Amino acid sequence: MTFKRIIPCLDVRDGKVVKGVRFENLQEIDEPTVLAGQYAEAGADELAFYDIAASVEGRGLYEETLRAVTTEVSISLIAGGGIRSLADIERVLACGAKKVSLNTGVIDNPGLIAEAAARYGSGCIVLSVDMKRVGDAYHVFRSGGRVDTGIEGIGWITRCVQDGAGEVVLNAIDTDGVRDGYDIDMLRAVTEAVDAPVIASGGAGSVDDFIRLFQQVPKVDAALAASVFHFGLVDIAVLKQALRNHGIKVRR
C-alpha cells in the first residue's frame, strides 16, 4: 500500500490566496507565503499553487509570487495557471516548482503534454481537469469552470495520460467549495480508467470526508483541499492521525 498524500491548495489572484464556491464568489484569505509556511510545518506532503486568473486574463503565471512560495518551503509544489507552451513550463520550473499543472493550455494545444513529457519527463507534468456532469456524461470545462468545452472527460483524461501526463488533478466543479465530500462516483470512474496517480479535488469539509475518500476510492493517491485548511476546519496533523487510526497510510 502506498502512502496517501495531503495537498493544501493555494488559489492565487492578485498575489493573494482566495477561495470561493464552485469557482465563484471568491474571498481573500491570506498571503501565499504565510499559508505555505504554515501548511509545510503542519505536515502537508505537497502544495498546489494555482494562479486562477492567468488563463482567463490571457497572461502568464505570476512568477514573483510563485518564487516567494518555493523559497518559503522545501516540500514539493505543483504550479499552474496560464501555461501554454514549453517556454512557460521552463519558467515555472525555474521558479522552483517541482511539477507543472496543465489545463487550458492543453485544451488549446493537445500536443503540449507529449512535447512537455518528452522534454521534462512525465514525472513533472500534471494534467488538471475541471469536470462536471452534463446529462449522463462528464464534460471538461475551461475558463475557471465557466465554459463547457463539450469534451468528454474520461476519454480526455485517458488520452492525456497516454500522451505522457504523469499525474491527474481532478477538480469536481459540482462539489468545489461546498464542503459536502468529494465526488466519489467521478473519482471512481477516473481511477478505473487510468493507471496514473489521481489527486482528488473539490468538496472536503471534514476529517470524515478524507477518510471516506480513501476508503471508498482506494486507487486515489492524494487529496487536495483548500477552504477546510484555510478556515481552520481541519488540522493537517489531526487529519493524518485520524487517517492512520483508520488504517490509511500517510507520512508523518
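**Exercise 1. The end of helix α11**

Task: In this predicted model, determine which residue just after α11 takes a positive phi, and state which residue caps the N-terminal end of α11.

Solution.
Step 1. Move to the stretch just after α11, where G247 has a positive phi of about 80°.
Step 2. Turn to the N-terminal end of the helix, which is capped by D235. A side-chain oxygen of D235 lies 3.0 Å from the backbone nitrogen of A237.

**Exercise 2. The two faces of helix α11**

Task: Identify the buried residues of α11 and explain why they are on the same side of the helix.

Solution.
Step 1. Helix α11 spans residues 236–245, and its buried residues are I236, L239, K240, A242 and L243.
Step 2. These residues cover an arc of only 160° around the axis, which places them on the same side of α11.
Step 3. The face turned away from the buried side carries the exposed residues V238 and N245.
Step 4. Consider next what covers the buried residues: the elements include β1 (5–13), α1 (32–42), α9 (207–216) and α10 (227–230).

**Exercise 3. A salt bridge that reaches α11**

Task: Find the salt-bridge partner of K240 and decide whether K240 is buried or exposed.

Solution.
Step 1. K240 forms a salt bridge with D45, and the closest N and O atoms are 3.0 Å apart.
Step 2. The pair links distant parts of the chain, since D45 is in the loop between α1 and β4 (46–51) while K240 is in helix α11, 195 residues apart.
Step 3. Buried means under 20% relative accessible area. K240 has a relative accessible area of 2% and is therefore buried. D45, with 15%, is buried as well.

**Exercise 4. From one pair to a network**

Task: State how many salt bridges a search of the whole structure finds, and describe the pair formed by E167 and R5.

Solution.
Step 1. The search of the whole structure finds 14 salt bridges.
Step 2. In one of them, E167 meets R5, with the closest N and O atoms 2.5 Å apart.
Step 3. E167 lies in strand β10 (residues 167–172) and R5 in strand β1, so the pair ties together parts that are 162 residues apart in sequence.
Step 4. E167 is buried, at a relative accessible area of 5%, and R5 is buried at 11%.
Step 5. R5 and E167 also belong to a network of salt bridges that links them with E46 and K99.

**Exercise 5. A salt bridge within one helix**

Task: Locate the residues D209 and R212 and classify D209 as buried or exposed.

Solution.
Step 1. Both residues lie in helix α9, 3 residues apart, which is about one turn of the helix.
Step 2. Their side chains meet in a salt bridge of 2.8 Å, N to O.
Step 3. D209 has 8% relative accessibility and therefore counts as buried. R212, at 36%, counts as partly exposed.

**Exercise 6. Aromatic rings**

Task: Name the members of the aromatic cluster and find which residue has its charged end over the ring of F3.

Solution.
Step 1. The cluster is formed by Y39, Y182, F210 and F229.
Step 2. The charged end of K249 sits over the ring of F3, at 4.7 Å from its centre.

**Exercise 7. Two aspartates**

Task: Classify D88 and D14 as buried or exposed.

Solution.
Step 1. D88 lies in helix α4 (residues 86–94). Its relative accessible area is 11%, so D88 is buried.
Step 2. D14 is found in the loop between β1 and β2 (16–21). Its relative accessibility is 55%, so D14 counts as exposed.

Conventions:
Residues numbered from 1 in each chain as written. Predicted model: local features only at pLDDT ≥ 70, side-chain atom pairs only at ≥ 80, totals over all residues. Heavy atoms only, no water. Buried < 20%, exposed > 50% of the residue type's maximum accessible area, 1.4 Å probe, protein only. Helix = DSSP H or I, 4+ residues; strand = E, 2+ residues; numbered from the N terminus. Arc of directions from axis to C-beta. Contact = heavy atoms within 4.5 Å. Polar contact = N/O pair within 3.5 Å; in protein donor to acceptor, adjacent residues only side chain to side chain. Phe/Tyr/Trp six-rings, centres within 6.5 Å; stacked < 30°, edge-to-face > 60°. Lys NZ or Arg CZ within 6 Å of the ring centre and 35° of its normal. Salt bridge = Lys/Arg side-chain N within 4 Å of Asp/Glu carboxyl O.
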